[in-house]
Amino acid sequence: MRDSNKLKELSVGEFTRAAEKYETDKAGIYKLCKQDYPDILEEIEKESFHDLLDAGCGTAPMISVLSERFPNVNFTGIDLTPKMIEVAKSKNIPNATFVCGDCESLPFEKDSFDVIICSQSFHHYPNPLAFMNSVRECLRTGGRLILRDMSMGGGVIHWMVNHVELPILNRFGYGDVHVYSNKELQTLCDKARLVLECCEKRGIKLHAVIRKK
């Protein structure tokens, strides 16, 4: 089993290097994150909300978009990488607060948010159940986690990515941990006493809506 702290250190190192170029034309693989925005926005707009948390917010590209569209909503972003939070804060988004912290132990009061979004961050978490349990604490009853991440569907490709590709990436300084199948995500939700309402493979992405009942 790979060491959780070392994996988190790899993620901090990776995204410290990426912070300044994360939203530029030189973002490379991180440009894929932008593909999530329309799906997240469509999902968010299905229900009213007042307080939203972006878990693994990076330099706050999603909050930048959402804050203009929903000026009366309170936005909070959290990220493990100090440099990402530094860049996010420098945007001076009026209805947003940014916190450097660990998504596996969200440092917020119980029942703080109506919506939590998590885009292309979940596969970096060494302890995904800790994240799900923390989500359950921070969400209000009826609240939603909108989760977007990579998806290999399952089978041989899924196994190869998790057992061959990602460990190789770790050796080159990337903090990727695990790409989840629908079945694995269902198991995590069951253990955290959350309801997996929607779990779809959209191209190479997983789109899930998870509810606190």
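1. In this predicted model, helix H3 (residues 61-69) lies across four strands, namely E1 (51-55), E2, E3 and E4 (113-119), and runs at about 180° to E2. Strand E2 itself, spanning residues 74-79, pairs with E3 in the parallel sense over five bridges, and within this pairing Thr76 has Thr97 of E3 as its bridge partner.

2. A second helix to examine is H7 (residues 182-191), which packs on the sheet and touches strands E5 (139-150), E6 and E7 (205-211), its direction making about 160° with that of E6.

3. The sheet on which these contacts are made is open and has seven strands, which follow the order E3-E2-E1-E4-E5-E7-E6 with mixed pairing. Its edges are formed by E3 (96-100) and E6 (195-202), each of which pairs on one side only. When direction is ignored, neighbouring strands of the sheet are turned by 15° against each other on average.

4. As for pockets, the largest one has a volume of about 700 Å³. It is lined by 36 residues, of which Phe15, Gln120, His123, His124 and Asp176 are the closest to its centre.

5. The elements that contribute two or more residues to the lining of the largest pocket are helix H1 (4-18) and helix H6 (155-171), and H1 gives the most, with five residues. Sorted by class, the lining of this pocket comprises 20 nonpolar, nine polar and seven charged residues.

Notes
Residues numbered from 1 in each chain as written. Predicted model: local features only at pLDDT ≥ 70, side-chain atom pairs only at ≥ 80, totals over all residues. Heavy atoms only, no water. Pairing = 2+ DSSP bridges. Axes fitted to C-alpha atoms, helices over the stretch in contact; angles between N-to-C directions. Contact = heavy atoms within 4.5 Å. 1 Å grid on protein atoms, 1.4 Å probe; cavity = no way out; pocket = protein on both sides within 12 Å on 5 of 7 lines; lining within 4 Å. Points joined across faces, edges and corners; volume = space filled by probe spheres on them. Nonpolar A, V, L, I, M, F, W, Y, C, P; charged D, E, K, R; others polar.
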